[in-house]
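Here are a few exercises to try with the structure open beside you. Have a go at each task before you read its solution.

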Amino acid sequence: LATIIDGKAIAQSIQRELKEEIEQITAAYGRVPGLAVVIVGERKDSQTYVRMKRKACAEVGIKSINVDLPENVSQAELLDTVLELNADPTVDGILVQLPLPKHVHEEMILNAISIEKDVDGFHPLNIGKLSMKGREPLFVPCTPKGCTELLVRSGITIAKKRAVVVGRSNIVGMPVAMLLIKLDATVTIVHSHTPNPESIVKEADIVIAAAGQAQLIKADWIKPGAVVIDVGTNPVSDSSKKLGYKIVGDVHFEEARKVAGWITPVPGGVGPMTIAMLLRNTVDSAKRTLSKSSA
Ligand code: NAD
């Protein structure tokens, strides 16, 4: 059976490291790192994510600046909020929880976030630099960075490996592929227009599954001994659960673990790492700002 990569435990050890770093930063500079978490509207899933992010901030000692705006907030008001946070010296990172309501121009809001505070790493300039050889973005998006951090901390070499990413979204598939290329893997992306994705996935030493399709990837898609990182979080109905559903990944875990060498569970794999990387990016941002202002 595959070795389980325990994302929850790895994320917890990262949070312990961050807590110590934050104590040192506070002692040296007299202020804690700050993360603004902006949520618009009442979407239940978004509220859960935001609550988890704010709680994680409190656990490590990051000040979370909470901005809760109503569903009908105007484009101009939301833009003003972002500009105020850009100008606020106690804010090191700005996170606008997506998706935004339809009447808001999401791209315009994300573009307005200062690239120096773009801890989600979604600003086109940060994404552009992630894609360019010899350039370093100020921030790498949290879920992709969580995936590669899981590999690194499990002692898995990325360079020279054949990686296949399933999915090409702006928030996971595309940036994780760019990051793996930067780390010297040979990368193929398969997506919903790819004929026979299973034959391509089967060539991978490292599979990153980010299709948002419950248990799409079966055991016979996987090369024996491969590393499987499952980003998917798909609700499927389950009457035995209190909420009436459970969350499964994009990989058929029970089957795949008989073939893979390493595998992440869902939940407890990539999810906790996404939050840990958000905290990491916020602390890095604070360090960059504080060391500049004291130079
Ligand atoms: P998305 O819907 O924006 O993109 C899905 C991608 O998968 C698309 O590029 C599509 O072309 C591709 N795809 C769909 N069906 C496919 C198929 N049958 N074969 C090959 N490719 C296929 O989704 P997303 O925002 O990238 O998220 C992907 C999954 O990851 C979702 O389940 C989401 O909930 C989850 N997610 C988890 C975290 C986390 O922290 N754990 C963070 C972000 C997203």
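**Exercise 1.** Work out in which hand H6 passes H7, and which residues make the contact.

*Solution.* Start with the hand: H6 passes H7 in a right-handed crossing (the near helix is turned clockwise from the far one by less than a right angle; anticlockwise would be left-handed). Next, the geometry. Helix H6 covers residues 142-153 and helix H7 residues 173-182; they pack at an angle of about 45°, with their axes 8 Å apart. That angle makes H6 oblique to H7, because under 35 degrees counts as roughly parallel, over 145 as roughly antiparallel, 65 to 115 as roughly perpendicular and the rest as oblique. Last, the contact (C-beta atoms, placed from the backbone, within 7 Å): H6 brings Pro144, Lys145, Cys147 and Thr148, and H7 brings Pro175, Val176, Leu179 and Leu180.

A quick word on the source: this is a predicted model, where local features need pLDDT of at least 70 and side-chain atom pairs count only at pLDDT 80 or more, while totals for chains, interfaces and linings use all residues. Residues are numbered from 1 along each chain as its sequence is written.

**Exercise 2.** Check the span of helix H3, then find which of its residues are buried.

*Solution.* Begin with the span: the 13 residues of H3 (75-87) should cover 18 Å at 1.5 Å a residue, and the end C-alpha atoms are 19 Å apart, which agrees. The expected span is 1.5 Å times one less than the number of residues. Now for burial: Leu78, Thr81, Val82 and Leu85 are buried (20 or more other C-beta atoms within 10 Å of a residue's own; 12 or fewer means exposed, in between partly exposed). These four cover an arc of only 95° around the axis, so they sit on the same side of H3. An α-helix has 3.6 residues a turn, so residues three or four places apart point the same way. Packed against the buried residues of H3 are strands S2 (34-40), S3 (63-69) and S4 (93-96), plus helix H4 (106-112). On the face turned away you'll find the exposed Ala76, Asp80, Glu84 and Ala87.

**Exercise 3.** Is Ser199 buried or exposed?

*Solution.* First, place Ser199: it's in helix H8 (residues 197-201). Then count: Ser199 has 11 C-beta neighbours inside 10 Å, so it counts as exposed. Finally, look along the chain: Leu98 is 101 residues away from Ser199, and their C-alpha atoms are 33 Å apart.

Conventions: Helices (H or I, at least four residues) and strands (E, at least two) are DSSP runs, numbered from the N terminus. The arc is that of the directions from the helix axis to the C-beta atoms. Two residues are in contact if their C-beta atoms, placed from the backbone, lie within 7 Å. Axes are lines fitted to C-alpha atoms, for helices over the stretch in contact, and angles run from 0 to 180 degrees between N-to-C directions.
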